[in-house]
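Work through the exercises below with the structure open. Try each task before reading its solution.

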Amino acid sequence: LKVAYHNSKSLLSLLILCFCNIISSINGAGIAIYWGQNGNEGTLAETCASGNYQFVNIAFLSAFGNGQSPTLNLAGHCNPDFGTCTVFSSQIKDCQSRGIKVLLSLGGATDTYSLSSADEANQLASYLWNNFLGGTSSSRPLGDAVLDGIDFDIEHGSGQFWDTLAQALKGFNGQMSLSAAPQCPFPDANLGTAIGTGLFNYVWVQFYNNGQCQYAGDANALLSSWNQWVTVPASQVFLGLPAAPEAAGSGFIPADVLTSQVLPSIKNSAKYGGVMLWNKFFDNGYSAAIKGSI
């Protein structure tokens with residue numbers, strides 16, 4: 001009887017695990033990663049082949065607005081001025097064949113971008129549509145691959161006209177994916193209005209480099225902020241974290257702490273989508289350690 005009892009417990013545990021995996025699959029929870037800002041992080045194809053990610057943000061279109069020609073910056077990976085970034089077209093398609101969404105990320109930590117008017121936002125939307133999405137252009141920086149959408153990692157500026165850009169992009173194709181990477185202080189100064197449009201599919205909140213709402217030995221401030229962010233009109237909200245202590249100034253959460261103390265508290269949120277990591281170069285085992293708990 002004792003053996004039978006333990007066997008039944010093991011069977012029950014297995015059934016519960018399978019059920020949780022099915023629910024996770026249905027909810028589509030996964031890991032989003034930023035790729036493109038370090039030439040030593042491996043190729044895009046290798047990133048997708050790892051099996052760790054459901055979303056890859058190609059970072060960044062780092063300069064636009066104020067009369068500038070939009071400029072792609074992929075650090076040491078390629079030089080768009082010489083057309084060498086088109087090598088990633090086949091790799092993007094490979095990622096997509098694996099069910100991974102690939103988005104182009106706008107902005108970043110530099111101050112080389114802006115939107116000064118609704119007209120400028122509409123012009124940028126047309127550029128993005130024709131050069132990275134479903135439109136046509138003779139000079140597509142990433143070749144003929146059609147990206148799944150656009151990510152807004154806007155960390156500078158007035159906060160104006162990003163809603164106009166989102167509306168214009170969705171006007172080209174309402175099914176394209178839009179994501180945003182706001183800072184965790186709520187609401188975000190740069191993206192709050194845009195996110196409020198309800199046009200964003202994914203919001204991966206940066207819970208780092210912001211002492212008032214990040215993990216700091218306990219998760220109280222983070223969880224309080226998380227409960228605010230899950231009220232935004234987006235399909236899914238992600239917990240954005242550095243993939244290693246050196247990936248950000250502050251806010252790193254050890255993998256075992258994340259899986260035991262933080263994820264159990266946020267996974268019951270109806271809008272929980274998973275975890276976003278900055279970035280691929282620093283992800284030396286972190287995603288692998290947490291993906292089973294996402």
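**Exercise 1.** Find the backbone nitrogen that the side chain of Asp 188 reaches at 3.0 Å.

*Solution.* Go to Asp 188 in the predicted model. Its side chain reaches the backbone nitrogen of Gln 183 at 3.0 Å. Next, look at Asn 190. Its backbone nitrogen lies 3.0 Å from a polar atom of the Asp 188 side chain. A polar contact is a pair of N or O atoms within 3.5 Å; within protein, one must be able to donate a hydrogen and the other to accept it, and residues adjacent in sequence count only if both atoms are side-chain atoms.

Two notes on the numbers. Residues are numbered from 1 along each chain as its sequence is written, and side-chain values use heavy atoms, with hydrogens and water left out. The model is predicted, so local features need pLDDT of at least 70 and side-chain atom pairs count only at pLDDT 80 or more, while totals for chains, interfaces and linings use all residues.

**Exercise 2.** Place Asp 188 in the fold: is Asp 188 buried or exposed?

*Solution.* Start with the chain. Asp 188 sits in the loop between strand 6 (177–180) and helix 6 (192–195). Helices (H or I, at least four residues) and strands (E, at least two) are DSSP runs, numbered from the N terminus. Now check accessibility. Asp 188 counts as buried because its relative accessibility is 6%. Buried means under 20% relative accessible area, exposed over 50%, partly exposed in between (1.4 Å probe, protein chains only). Finally, list contacts (heavy atoms within 4.5 Å). Neighbours within four places in sequence aside, Asp 188 touches Pro 182, Gln 183 and Trp 229.

**Exercise 3.** Move to strand 6's partner, strand 5. Which residues of strand 5 point each way?

*Solution.* Side chains in a regular strand alternate between the two faces of the sheet. Gly 149, Asp 151 and Asp 153 point one way. Ile 150, Phe 152 and Ile 154 point the other way. Six of the six residues in strand 5 (149–154) are buried.

**Exercise 4.** Which strands pair with strand 5, and in what sense?

*Solution.* Two strands pair if DSSP finds at least two bridges between them. Strand 4 (residues 101–108) runs parallel to strand 5, joined by six bridges. Here Leu 106 stands opposite Phe 152. Strand 6 is also parallel to strand 5, over four bridges. On that side, Asp 151 stands opposite Ser 179.
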